[in-house]
Amino acid sequence: MARNAPAYVCQSCGSSHRKWAGRCDACGEWNTLVEELPAEIVPRGLGRGQARRLDTVALDAPAPETPRRITGIAEFDRVSGGGLVPGSAVLIGGDPGIGKSTLLLQAVCRLAAGQGCLYITGEEAVEQVRQRASRLGLGKAPVQLAAATNVRDIVAALDGPDRPDVAVIDSIQTMYVDQLDSAPGTVAQVRSSAAELIRAAKRHGTCLLLVGHVTKDGTIAGPRVLEHMVDTVLYFEGERGHQFRILRAVKNRFGPTDEIGVFEMTDAGLAEVSNPSELFLAERSGDVSGAAVFAGLEGTRPLLVEIQALVAPSPLGTPRRAVVGWDTARLSMVLAVLEARCGVAIGANDIFLNVAGGLRIVEPAADMAVAACLLSSLTGTPLPRDTVVFGEIGLSGEVRPVSQPELRLKEAAKLGFSRALVPPRRRRGGRAAGLKVPIEVHEIASLAALLPMFGNGRETKE
Ligand code: TYD
Ligand code: MG
């Protein structure tokens with residue numbers, strides 16, 4: 001390709017193409033190719049040049065002590081793996097309006113007590129940020145604010161004599177490198193802006209927090225490339241209509257990725273929710289059919305949520321399946337097992353499944369709770385109110401053990417549940433490991449064993 005000839009760069013995966021096409025060959029996305037000047041031109045071989053000797057370090061050499069920067073917002077610190085690591089770059093993705101700016105403003109105001117903090121806004125005016133901070137009662141925090149979008153200026157501030165220890169860039173999509181012709185927000189701009197900022201931050205051990213907006217199909221706008229460049233990727237998610245917000249680690253070079261942090265959006269900003277189960281169960285109504293409480297696990301924390309199902313006769317040839325907060329393929333599997341292994345005629349109905357509170361569950365351990373609420377809705381039989389359910393379902397209808405049953409049961413007992421439908425316990429040396437929890441445990445070996453609780457799965461609604 002001729003030098004500086006325009007290329008068409010996929011805004012989803014970042015691959016570049018010689019010609020425009022409706023669909024990106026590399027990732028299969030539609031309408032994502034945008035004309036850009038190529039950001040980098042691969043040289044043919046290295047040519048001549050003076051090479052420097054590499055300085056290597058032994059793996060077991062004593063590591064310098066790098067204390068993490070703790071915000072004091074426990075939900076945030078846990079997700080970041082125990083505080084921010086100096087010199088690391090953290091990307092915080094999320095839908096517009098979900099509360100990323102609010103979260104980072106609160107975090108940075110807490111951090112400012114012990115270290116220099118810089119908040120760069122490319123979207124709002126400085127005055128707007130100040131007003132928000134004072135409304136949140138953080139107006140006195142010693143944070144430096146600036147409205148800037150040119151990466152050159154920001155890098156100068158990160159390199160300057162009074163450089164910050166922590167810098168927030170809100171958002172990376174508004175930043176631009178003045179040497180590139182493409183508009184802010186395109187892959188080339190986002191990638192080079194991030195690379196420059198990260199390089200500057202690593203030079204001085206600055207913690208860099210980048211905000212990234214998410215496109216409507218769920219990827220951080222444009223750059224999946226960005227996810228490779230940063231050390232940690234956090235997603236801030238939640239349903240618009242609900243006040244709960246969940247911070248989830250997707251990638252973390254310095255900590256686990258299965259932790260979540262739960263927040264509640266209030267009129268005074270984001271409040272930490274240290275006992276999310278109580279919150280997720282708060283809106284539970286009386287004895288209604290089609291609901292089951294799932295005792296789940298998010299990272300190291302047990303989390304109880306209500307799963308709701310509505311099974312209704314379908315007027316359509318192809319019945320509808322609408323799922324919020326769970327995996328549609330997993331629902332199809334549970335339905336198929338109910339049909340084929342338990343003889344429950346459910347497939348011809350419209351099925352709506354909802355995880356209450358806007359939480360998204362990824363654990364297969366929710367299978368049995370889903371099956372229970374489907375059966376409950378189908379038969380019009382409520383599950384007893386004091387019961388929690390968990391267990392993975394296999395294709396032959398067997399219920400499989402899941403991790404940490406005791407932790408789940410303890411949380412259930414703590415919240416006043418007195419019965420649990422659980423998988424058979426793992427046998428060690430012929431004996432079942434004893435569970436020491438103050439809760440009545442019913443071991444369910446196969447999905448068929450659930451049926452008697454629901455009149456053997458026959459519809460009794462009408
Ligand atoms: P914001 O942090 O601006 O979202 P993002 O940066 O992800 O685009 O949050 C904006 C939303 O949060 C807005 O819809 C109003 C709501 N909000 C509150 O409910 N209470 C508050 O105290 C604040 C600051 C925002
Ligand atoms: Mg914002």
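Start by selecting β5 (117–121), β7 (166–170) and α5 (187–204): these are among the elements that cover the buried residues of α4. Keep in mind as you go that you're looking at a predicted model.

Now colour helix α4 itself, residues 151–159. Which of its residues are buried? Show the side chains of Val-151, Ile-154, Val-155 and Leu-158, and you have them. They sit on the same side of α4, because they span an arc of only 100° around the axis. The general rule is handy here: an α-helix has 3.6 residues a turn, so residues three or four places apart point the same way.

Next, go to the start of α4 and pick Asn-150 and Arg-152. A side-chain oxygen of Asn-150 comes within 3.0 Å of the backbone nitrogen of Arg-152.

Then hop to Gly-205, in the loop between α5 and β8 (207–213). Is Gly-205 buried, exposed or partly exposed? With 22% relative accessibility, it counts as partly exposed. Beyond its neighbours within four places in sequence, Gly-205 is in contact with Arg-69, Pro-86, Gly-87 and Asp-165, so add those to your selection. For a long jump, pick Ala-369 as well: Gly-205 and Ala-369 are 47 Å apart in space, C-alpha to C-alpha, and 164 residues apart in sequence.

Last stop: the cavities. The whole structure has four of 30 Å³ or more, and the largest holds about 120 Å³ of space. To find its centre, select Arg-284, Ala-291, Glu-306, Leu-383 and Arg-385, which lie nearest to it among the 13 lining residues. Strand β13 (residues 291–298) gives the largest share of that lining, three residues. Sorted by class, the lining has six nonpolar, three polar and four charged residues.

Definitions and conventions
Residues numbered from 1 in each chain as written. Chains lettered and ligands numbered in written order. Predicted model: local features only at pLDDT ≥ 70, side-chain atom pairs only at ≥ 80, totals over all residues. Heavy atoms only, no water. 1 Å grid on protein atoms, 1.4 Å probe; cavity = no way out; pocket = protein on both sides within 12 Å on 5 of 7 lines; lining within 4 Å. Points joined across faces, edges and corners; volume = space filled by probe spheres on them. Helix = DSSP H or I, 4+ residues; strand = E, 2+ residues; numbered from the N terminus. Nonpolar A, V, L, I, M, F, W, Y, C, P; charged D, E, K, R; others polar. Buried < 20%, exposed > 50% of the residue type's maximum accessible area, 1.4 Å probe, protein only. Arc of directions from axis to C-beta. Contact = heavy atoms within 4.5 Å. Polar contact = N/O pair within 3.5 Å; in protein donor to acceptor, adjacent residues only side chain to side chain.
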